[in-house]
Amino acid sequence: MAARELILTAHCADRVGLVAFMSNWVFEKGGNVLHLDQHVDDVSQRFFIRIHWHMGEVDALLPLQFEQEVAKELDLDYRLSFTDTTPRMALFVTRLGHCLWDLLSRYESGELKVDIPLIISNHEKFRGLAERFDIPYHVFEITKENKAEQEAKELQVLADQKVDFIVLARYMQVLSDNFVDQYPNRIINIHHSFLPAFAGAKPYHRAYDRGVKLIGATAHYVTAELDEGPIIEQDTLRVSHRDSIKDLVRTGRDLEKVVLSRAVRLHVNKQVVVYGRRTMVFD
């Protein structure tokens, strides 16, 4: 019955009085709303909300009460979480380490409030880095012939470690539909924003050849459609004819690090609500 804080993210069909209904329920249970943000999508006529509240005492039956008294009444698609529960994040990486280094440094400094029980790769390259941070490092070499078998082993390790979500820190393998289905809206990927115009290998080289004026990065949830998942965060920077290919690569990787870390923080703070192919990202 100790004091705790909770966060609700939810959406349902829009109707009059939804904010009052939910905030009154929190009040009736003895809660104090710390922050509330809501949005109505005029196209879908869908109501989205995020409520963060404090309770002096939390009854163990509170989640069940919410399900019966609020969620069923409103036909609510929701997630109710306690803020003192630390999410467990798995990192996947291949040969490029800039995003991995950045996330590990933010983790070690306490900037990212997560546990990292393991790092998975298809190469040995970053084992020493993982050992430096005292994080178990698992290598699963992937080929066309063994992909299903290796992914099954990865999923078992993730389950054994009770992983809540996955971050692809420049993991250059396409996950199977079966793998993605195990973690819906819980796999975050990062890529340059040249897609689809510069998809594939060496996008910065081809962007240089075309004389681009903007480069950027996009973080999104992974779905069965490659690089088409709901977008969490994006950013861009202007470049010019004075920038070399090395300049574009360096600037692009800097953006990838920042955008990915923002997306991870938004996910961890439960500020993202997914609806279809879109996201609502609350302040």
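**How the sheet and helices fit together**

This predicted model has an open sheet of 7 strands, in the order E7-E6-E5-E8-E9-E10-E11, with mixed pairing. Being predicted, it gives local features only where pLDDT is at least 70 and side-chain atom pairs only at pLDDT 80 or more, while totals for chains, interfaces and linings use all residues. Residues are numbered from 1 along each chain as its sequence is written, and side-chain values use heavy atoms, leaving out hydrogens and water.

Me: Why do strands E7 and E11 stand at the edges?
Reply: Strand E7 (137-139) and strand E11 (231-238) each have a single partner strand, so one side of each has no neighbour in the sheet. A strand here is a DSSP run of E with at least two residues, and a helix is a run of H or I with at least four, numbered from the N terminus.

Me: What makes E5 and E8 a pair?
Reply: Pairing takes at least two bridges found by DSSP. Strand E5 (residues 88-93) and strand E8 (residues 165-168) are joined by 4 bridges, so they pass, and they run parallel. Ala90, for one, has Ile166 in E8 as its bridge partner.

Me: How do you know that helix H3 packs on the sheet?
Reply: Helix H3 (residues 98-108) touches E5, strand E6 (115-121), E8 and strand E9 (187-192). Contact means heavy atoms within 4.5 Å. The direction of H3 makes about 165° with that of E6; such angles run from 0 to 180 degrees between N-to-C directions, with axes fitted to C-alpha atoms (for helices, over the stretch in contact).

Me: Why are H7 and H8 called oblique to each other?
Reply: Helix H7 (residues 203-210) and helix H8 (residues 245-268) pack at about 125°, with axes 9 Å apart. Under 35 degrees is roughly parallel, over 145 roughly antiparallel, 65 to 115 roughly perpendicular, and the rest oblique. The angle falls in the rest, so H7 and H8 are oblique.

Me: Which residues make that contact of H7 with H8?
Reply: H7 brings Tyr204, His205 and Tyr208, and H8 brings Ile245, Leu248, Val249, Gly252, Arg253 and Glu256.

Me: What makes H3 and H8 oblique as well?
Reply: Their axes come within 9 Å and cross at roughly 45°. That angle also lands among the rest, so H3 and H8 are oblique to each other.

Me: Which residues of H3 meet H8?
Reply: From H3 come His98, Cys99, Asp102, Leu103 and Arg106. Their partners in H8 include Arg253, Glu256 and Leu260.
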